[in-house]
Amino acid sequence: MMTPQIPVDEARRLAALHATSLFGTGPEEAFDRITRMAAKLLQVPSALISLVGSDTQWFKSRCGFAAQYTSRDVSFCGHAILTDEPLVVEDAARDPRFADNPIVTGEPHIRFYAGVQLYSVERAKLGTLCVIDSQPRALGDEELAELHDLARMVEELIYHRQLAIAAQQLHDGLQQNASPSQLAASAGQVEFLLTHDTLTGLANRQALLGAIRDSVAGWQRRKLPAAVACLNIDRFKRVNDAFGHAAGDEVLVAVTRCLQAELGDNDLLARTGSDEFVLLLNSSGDDQALQARLQRLLFSVNSSVSWAGKDIAITCSLGVARFPQDGEDADTLLSNANTAMRHAKETGGARIQYFAPGQRRELVRRMALEHQLHRAIEREELFLQYQPKIDLQGGSLAGFEALLRWRHPTHGVVSPEEFVPIAEENGLIVPIGDWLVRTAIKQMASWHAAGLPEIPVAVNLSARQFLQGDVVGLVDEMLREAKIAPHLLELELTESLSMADPERSLAIMRELRALGVTLSIDDFGTGYSSFAYLKRLPIDKLKIDKSFVNDMVHSSDARAIVQAIVAMAHSMHLRVVAEGVESAPQALALRETGCDQAQGYYYSRPLDAREAGSFLAPGPASKLGGATL
């Protein structure tokens, strides 16, 4: 039998365990409710809240298990606290660590075990929430995530119980005239619990503000440079949505470890929000030294985290406010660092951004636009323009792309690059996207009713609209109502959209294809798709990102890439469209690669519906503004 090793931080771990005042205590309904829930959800006969002491494990709660405690030497939980990964033993009789363990070979004949570690506020391992069975079995990812969520519930319960006990001790001490040292100890325990995060063990926002206020006077007196840096995990919600909250928690803990490894002796790290951390960097040095240090921080965090056999790639955005030039008090420094961080996220993420006063004005404008965007549809401020697509081989009009625009009553026409990300973030992109599809189809019907030739129109779909809305139902309804042939509607999807939830994306794309709609992958080459992956998708076209078009006249590498994309796409029977064509040499180079269609200012600026209609009249090639091939 393999006896569990003693962790290197055993003294600290035991101190944290005994600080909870749980070890050796009797059953409590709040804890028992969780073990009953674990046994029911995972359909196992036994569930335990196990606290690992110096030589025994004590079951604070037990469902379907007779013993109150066992020796630590035979415990599975003693092995579990040696790692940060959940311990799952599918068949103990076949596991060399446990095959000859007395509780495997004899009562209670454990064959299956799964335990998730329980942490104190200081991130010390107290024990596990575990489930056991006398029969071998496997544990799926969803079941493991459920066990993880229940373990976090146990930790919250321990935290609130510990806080209540500390507060009661402080109250009793005041009532009984306890010694100053006893009162200080009780008050310190209450303060620590109130100012630290239960998941990561880091200081919270309250503690951070206090630390900055305490530091400012010293910075002013000694004229030392310092900085407050606000770090936010990019697209953290996607991690939770794709992998579950257990994986999200693991990402937060991994980021915490990375940041702690880069802290100086006098620095402070706090968690101030769900996916937001703040670093107080004392004696940050000159700008060059600060930049080098921040680069190391960002490099250490921008990595991947393993969870349940999957690698989760993460990046972070970092906003920085420096003392004294960006603020001389805690609230101002923290606010300005947060503003800089938001600017970093809005400009692509995964980067460092120093605070500048102009960012505050941008933030105010963004907030105003977000508020006003809510009523843009009902006020009829949104409108569409149509950019022609040209057949590169024949020079004729091949279709239009419908482009979303917003005519703001005060700011004039607001760029979609500014308001679309706002709509994506607050969810308005779903109703706006539905309006775009409806309006484009109605315009196609209007042109047709005016006796103009039928022509394909492309519409961009956002990830949220595609995955959260009923895009299939909407398209089917509108095409039937407008009596438009389905193949004339082209839906453009980004690479990242198709990768966000591959199976669901594939199912929706197949339904749209069944309607007869044309499907296109937009901005190809900027995301993660490979041609091997694209073979699975029921698509008709690829759209080459304009960055390749910009470079291909002056760069043989860019031209070779475009040529390879076109050749591979044609081998898969896909047509290729290039966007952002601004010059005759670009158009000629694209034609020579065999590219099928192109669009851009070389051919035409985006047009309103009336102007676009004139392109549909006989002889469209004569209306290309002199652009010929």
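The buried residues of helix α7 are L208, L209, A211, I212, S215, V216, G218 and W219. Look at the spacing in that list. An α-helix has 3.6 residues a turn, so residues three or four places apart point the same way. What do these buried residues pack against? Their partners are the strands β7 (226–233), β8 (268–273), β9 (276–281) and β12 (316–323), together with the helix α11 (330–346).

Please keep in mind that this is a predicted model. The protein chain has an average pLDDT of 86, and 94% of the residues score at least 70. Where is confidence lowest and where is it highest? The lowest mean, 57, belongs to helix α17, residues 495–500, and the highest, 97, to strand β1, residues 46–52.

Back to α7, and its length. The helix has 18 residues, 205–222, and at 1.5 Å a residue it should span 26 Å; the C-alpha atoms at its ends are 26 Å apart, so the two values agree. The helix also has a kink of about 25°, and the centre of that kink is S215. S215 is also one of the buried residues I listed at the start.

Now the two ends of α7. At the start, N204 has a side-chain oxygen within 3.1 Å of the backbone nitrogen of A207. Just after the helix comes K223, with a positive phi of about 55°.

Next, one residue in a strand that α7 packs against. R271 is found in strand β8. Is R271 buried or exposed? Its relative accessible area is 14%, and the cut-off for buried is under 20%, so R271 counts as buried. What does its side chain reach? There is a polar contact with the side chain of D197, at 3.0 Å. A polar atom of the R271 side chain also lies 2.9 Å from the backbone oxygen of S274. Leaving aside neighbours within four places in sequence, the residues in contact with R271 include L199, T200, L202, L252 and F277. N204, from the start of α7, is also among those contacts, and so is R205.

Last, a set of strands elsewhere in the chain. Strand β20, residues 541–544, runs parallel to strand β21, residues 575–578, and 4 bridges join them. Which residue of β21 is the bridge partner of K541? That partner is R575. On to strand β22, residues 597–598: 2 bridges join it to β21, and this pair is parallel. Here V577 has Q597 in β22 as its bridge partner.

Technical notes
Residues numbered from 1 in each chain as written. Predicted model: local features only at pLDDT ≥ 70, side-chain atom pairs only at ≥ 80, totals over all residues. Heavy atoms only, no water. pLDDT = per-residue confidence, 0-100. Helix = DSSP H or I, 4+ residues; strand = E, 2+ residues; numbered from the N terminus. Expected span 1.5 Å × (residues − 1). Bend = angle between axes of the 7 residues up to and from the residue. Buried < 20%, exposed > 50% of the residue type's maximum accessible area, 1.4 Å probe, protein only. Contact = heavy atoms within 4.5 Å. Polar contact = N/O pair within 3.5 Å; in protein donor to acceptor, adjacent residues only side chain to side chain. Pairing = 2+ DSSP bridges.
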